[in-house]
Amino acid sequence: MTLATLVTLVKGPVPMLRRRALAPAALLLLAPLAGGCGGDASGADGPGTVTVTVGYQSKTINTVTAGTLLRSLGYFEQELAARGKKDGVTYKVDWQDYATGAPITAQMTAGKIDIGSMGDFPLLINAARGKELKQPTRLVSVTGYNLRGGLNTVVTAPNAKFESLADLRGKKVSTSVGSAADGTLVRALQRAGIDPSSGIQKLNQQPSVGASALQAGSADALSQFVAWPGQLAYEGKAKALYDGAELNLPTFHGVTVRQEFAAERTGVLDDFLRAQRKATEYLRTQPVAAAESVAKETGLPAEVVYLYNGANGIATFDPALRPELLAALKEDVPVLKDAKLVGDVDVDAFVDPAPLKRAVPDADYPAAAPARPELWLKNEPATRTFDTPAALLKALKGADVRAAYVPDAETGTLWFADKAVWVAEGSALRAFVTRAGATSYVDRHQGSGARIVSFTEAGGIAS
């Protein structure tokens, strides 16, 4: 298979592989991976050794329960060690880190990755490519999700004059074609009355390239998935223009497995899903420690990781294949078909709930709870939550603050309090991720004296 063929398969630019130099990236896409994947005990690994290859995205931090956090906790290796004692086999895990889901799909369809995690739109491409290339895959669990779509955000430069998505007509917008963030951009533009194919100049770029383009001024806006928008906002390099939760359509990341591997190594897949469940429980019960761990592994600020993965974070974590998520996946198919990235995708055939039910039969997965204002103080192992934004702001006075978070008054998307757009309505205070959201609220409540105020003014009102 040529490099050009692989590029065609993923329908996008060849991604930069993390923790690898750019120069050998193409070779890695073409060459068989050392050790083999899920091979026979007497195969390439040597007698009595089996290597399981897992593709993950370390910086797509709502996949951490099947990737970064799971790897750091060692739960999968522990499960495999126990299995190995029974089977008389030594199991090894080869963790391969990528920037997006596209190269994971390319490697899975080449038989080089056994288990992978990626977003909803890439999952559909994974299903389509697997079927086309006679290497079928199955969706077996979910990692992180947001029922409104808040994991994807469109951001612009901090000093940009854009007030709403409508202002991007004719402008250069960077995204990763075929990603969940691209799907959000397409839908959002359509709702704003802009043709996604001709109404903007779309730049198909990797997240890191798009972030650089935004800072350099060669892109007017960036539509990306977790954690890029939050990271850029936290660093003062961008501001939110559009909150994906305004679409009110679920978005999620999930775990896909090669069907052949699932059949040959059923027990190993069960081990992975049990380990994922343990990592999910760790994240839920120790969210600060989990955020610190992921930050250490990825180089992302822990405050950004917590924005998405914290107790009130934008992402909710559980492995359940929720009906509302699968229904949303079916609604994604026409978007990808219009972009000519897939043909028909049989979502029902792609989803396989049996492994999760078998691996964790009695698991109880609670639904997402509404987000609350939250304060993370320096040198404290736990955060504090508040009933109102005003109470949070009052608590900030004189405090040694590491990060403060507040949910959008309309969408519930958590955001950094000092980066939010604040609205005062008498003594009541409300926060919004975007200025467009705040303006819309003010326009609808003109008789109440609602007005946009600065973060400093909001703090003064709260006190």
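The legends below describe an overall view and three close-up views of a predicted model.

In this predicted model, local features need pLDDT of at least 70 and side-chain atom pairs count only at pLDDT 80 or more, while totals for chains, interfaces and linings use all residues. Residues are numbered from 1 along each chain as its sequence is written, and side-chain values use heavy atoms, with hydrogens and water left out.

**Figure 1. Overall view of the protein chain, with 19 helices and 18 strands.** Helices (H or I, at least four residues) and strands (E, at least two) are DSSP runs, numbered from the N terminus. The radius of gyration of the protein chain is 22 Å, which agrees with the value near 23 Å for a compact globule of 463 residues; this radius is taken over C-alpha atoms, and the globule rule is 2.2 Å times the number of residues to the power 0.38. Along the principal axes, the C-alpha atoms fill a box of roughly 75 × 50 × 40 Å. Of the 463 residues, 58% are buried, where buried means under 20% relative accessible area, exposed over 50% and partly exposed in between (1.4 Å probe, protein chains only). Among contacts (heavy atoms within 4.5 Å) with a separation of 6 or more, 74% join residues 24 or more positions apart.

**Figure 2. Close-up of helix α4, residues 75–87.** This helix of 13 residues reaches 18 Å from its first C-alpha to its last, close to the 18 Å expected at 1.5 Å a residue; the expected span is 1.5 Å times one less than the number of residues. Y75, F76, E79, L80, R83 and G84 are its buried residues. An α-helix has 3.6 residues a turn, so residues three or four places apart point the same way. The buried residues of α4 pack against β1 (49–56), α3 (68–73), β2 (90–97) and α11 (266–285). Just after the helix, G88 adopts a positive phi of about 70 degrees.

**Figure 3. Close-up of T65 in the loop between β1 and α3.** T65 counts as buried because its relative accessibility is 0%. Neighbours within four places in sequence aside, the contacts of T65 are L70, T143, Q276, A279, T280, L283 and F317.

**Figure 4. Close-up of L151 in the loop between β4 (137–146) and β5 (152–156).** With a relative accessibility of 1%, L151 also counts as buried. Beyond residues up to four places away in sequence, L151 touches residues including N62, Y145, Q224, F225, T251, Y308 and I314. The C-alpha atoms of L151 and A181 are 8.4 Å apart in space, although the two are 30 residues apart in sequence.
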